[in-house]
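Biologist: I am new to this structure and would love a close look at a single part of it. Could you walk me through it step by step?

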Amino acid sequence: MIKYFFYTFVGLCFITISLSFTDFSSNKGLTSSIDSVSLEEVLIKLGDSPLLHQMKDFDEEKAKMGEDIIRDGFTKRNGKKSKRISKFFVCTDCHNLTREFDDLSSESPEKRLEYAKSHSIPFLQGSTFFGIYNRTKFYNGDYKKKYGELVDGARDSLDNAIQLCAEYCSSGRPMLDWELEAVKHYFKKNELLMKDLNLSEDLLERINQYQNATDSEKKELIGQIKKRYRQFYSATFLPTMDRDKRKYGEGGDAENGKAIYNKSCLHCHAYKRATNLSLDNGKLSGRMFVKNLENYSDKSLYQIIRWGTYAKTGRKQYMPLYTKEKMSDEQINDLVAYIKQISKK
Ligand code: HEC
Ligand code: HEC
């Protein structure tokens with residue numbers, strides 16, 4: 001009889017322990033522990049289908065090599081320096097590595113600039129690599145216009161999206177298998193955690209109790225979570241603004257324009273960092289732009305921003321365009337207001 005009680009007791013303890021392990025809260029109190037759980041893990045536990053590029057193992061060493069490749073274009077492997085991905089660019093010329101919005105469901109260029117200002121980060125044509133692991137669609141919207149059929153294979157595949165950008169956006173070469181792996185490990189490291197989504201205590205609590213939820217409640221929770229971050233970034237190409245619609249800086253916010261100029265244009269053009277055109281905050285740069293404002297040419301702000309340039313043969317450098325989501329028409333007007341200001345220095 002005593003033996004019987006003993007075994008029941010051991011059995012119950014076992015069940016309690018295993019339950020507390022599958023629960024996100026374990027024993028540390030609710031929010032603190034679910035906060036550091038990955039978004040991916042939570043979605044899978046709720047029954048969502050896994051990401052196509054799901055990575056089941058993570059290797060810190062590989063992630064470090066991936067970060068080198070992203071920042072510098074090369075890394076060290078077996079004591080040897082690897083070959084650069086591109087002679088012209090590194091990924092961080094066009095992509096940030098950190099968060100770009102307080103609210104991760106937003107893609108508003110105004111909110112993005114606000115965030116860039118308050119966190120001292122660049123304001124670039126490409127979307128951030130922060131949370132890119134959790135996206136499911138790439139080169140969306142009008143990118144098909146620029147890269148044609150190349151985009152078809154990259155729309156749903158992170159691997160192909162990386163390769164498209166290594167070869168075409170950065171005018172380089174496709175990555176070798178180990179390089180691609182390394183970059184993906186870095187992306188995994190930079191994945192979204194529950195705490196990044198700023199969910200309400202209430203919702204977190206419901207997620208934490210997922211084991212008691214019915215299938216339809218789980219589906220509903222997945223929907224709630226997915227509303228709080230972007231699975232993809234939209235991309236709308238705009239034409240060069242018609243001359244009669246241009247406001248030439250009137251009513252524009254020059255302070256905002258200055259931030260755009262410094263955080264975006266100068267990111268590549270200061271000291272000819274990624275290009276032959278050297279720009280600064282002086283009056284010569286200002287005058288060059290003012291002189292060309294009314295034109296339809298590469299030197300007109302209205303055109304260069306919306307079209308960028310195309311790589312010419314013999315010179316594989318080009319300037320990526322800004323979609324509507326990466327720079328609004330109002331922001332261009334702010335930039336023009338600033339350019340006019342410095343031209344009068
Ligand atoms: C000259 C600019 C430039 C460089 C350099 C560059 N990219 Fe991009 N990349 C872009 C643009 C523009 C897009 C368009 C879509 C977006 O990011 O929203 C893009 C998109 C991507 C996407 C898809 C993102 C999404 O959410 O749709 C991936 C992945 C990517 N790049 C990886 C890389 C990697 C890895 C490197 C470095 C080897 C790199 N890129 C270098 C400009 C660049
Ligand atoms: C990601 C890097 C990058 C950013 C950011 C960038 N540019 Fe460029 N830009 C380039 C490159 C590279 C070229 C050279 C293109 C070529 O040689 O075809 C260029 C060329 C230009 C040209 C000259 C076109 C010509 O006729 O030769 C102008 C003007 C220009 N950029 C303005 C800007 C302005 C204004 C901004 C900010 C709104 C900006 N750029 C942001 C990389 C960048």
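How much space lies in the largest cavity?

Modeller: Happy to help! Please keep in mind that this is a predicted model. About 700 Å³ of space lies in the largest cavity. A search of the whole structure turns up two cavities of 30 Å³ or more, and the largest is the one to explore here.

Let us begin with its walls. The lining of the largest cavity is made of 41 residues, and those closest to its centre are His 95, Gly 126, Tyr 139, Cys 165 and Cys 169. Sorted by class, the lining has 27 nonpolar, 10 polar and four charged residues. Helix 4, helix 6, helix 7 and helix 8 are the elements that give two or more residues to this lining. Helix 7 gives the most, with six residues.

Two of the residues closest to the centre, His 95 and Cys 165, have another role to look at. They coordinate the iron atom of ligand 1, His 95 through its NE2 atom and Cys 165 through its SG atom, at 2.0 Å. The site of this iron atom is octahedral, with angles of 86 to 180° among its six donor atoms. In the chain the pair is 70 residues apart: His 95 sits in the loop between strand 2 (80–81) and helix 5 (109–119), while Cys 165 belongs to helix 7. Both His 95 and Cys 165 are buried.

Now for the nonpolar packing. The largest nonpolar core has 36 residues, and Ile 70, Tyr 139, Tyr 143, Ile 162, Met 175, Val 183 and Phe 187 touch the most other members. Helix 4 (60–72), helix 6 (143–147), helix 7 (158–169) and helix 8 (177–189) each supply at least two residues of this core. Helix 7 again gives the most, here with seven residues. If you want one residue to follow from cavity to core, try Tyr 139: it is among the residues closest to the centre of the cavity, and it is also among the core residues that touch the most other members.

For context, it helps to visit the iron atom of ligand 2 as well. This iron atom is coordinated by His 269 (NE2) and Met 319 (SD), at 1.9 to 2.2 Å. The six donor atoms around it subtend angles of 88 to 179°, which makes the arrangement octahedral. His 269 lies in helix 11 (residues 254–269) and Met 319 in the loop between helix 13 (301–307) and helix 14 (329–343), so that the pair, 50 residues apart, links distant parts of the chain. His 269 and Met 319 are buried.

These two residues also lead to an open space. The largest pocket has a volume of about 690 Å³. It is lined by 29 residues, and the closest to its centre are His 269, Thr 275, Leu 277, Ile 304 and Met 319. Helix 11, helix 12 (283–292) and helix 13 are the elements that give two or more residues to this lining, and helix 11 gives the most, with four residues. By class, the pocket lining has 18 nonpolar, seven polar and four charged residues.

To return to the part you asked about, start your own tour at Cys 165: this residue of helix 7 coordinates the iron atom of ligand 1 and is among the residues closest to the centre of the largest cavity.

Notes. Residues are numbered from 1 along each chain as its sequence is written. Chains are lettered from A and ligands numbered from 1 in the order in which they are written. This is a predicted model: local features need pLDDT of at least 70, side-chain atom pairs count only at pLDDT 80 or more; totals for chains, interfaces and linings use all residues. Side-chain values use heavy atoms; hydrogens and water are left out. Donors are N, O and S atoms within 2.8 Å of the metal (3.2 Å for Na, K and Ca); water is not among the atoms, so sites may look incomplete. Four donors count as tetrahedral if all angles lie between 85 and 135 degrees; four count as square planar and six as octahedral if opposite donors are over 155 degrees apart and all others between 65 and 115; anything else is irregular. Buried means under 20% relative accessible area, exposed over 50%, partly exposed in between (1.4 Å probe, protein chains only). On a 1 Å grid over the protein atoms alone, a cavity is a set of points where a 1.4 Å probe fits but cannot get out, and a pocket is an open set with protein on both sides within 12 Å along at least five of seven lines; lining residues have an atom within 4 Å of a point. Grid points are joined across faces, edges and corners, and a volume is the space filled by probe spheres set on the points. Ala, Val, Leu, Ile, Met, Phe, Trp, Tyr, Cys and Pro count as nonpolar, Asp, Glu, Lys and Arg as charged, and the others, Gly among them, as polar. A nonpolar core is a set of buried Ala, Val, Leu, Ile, Met, Phe, Trp, Tyr and Cys residues joined through side-chain atoms within 4.5 Å.
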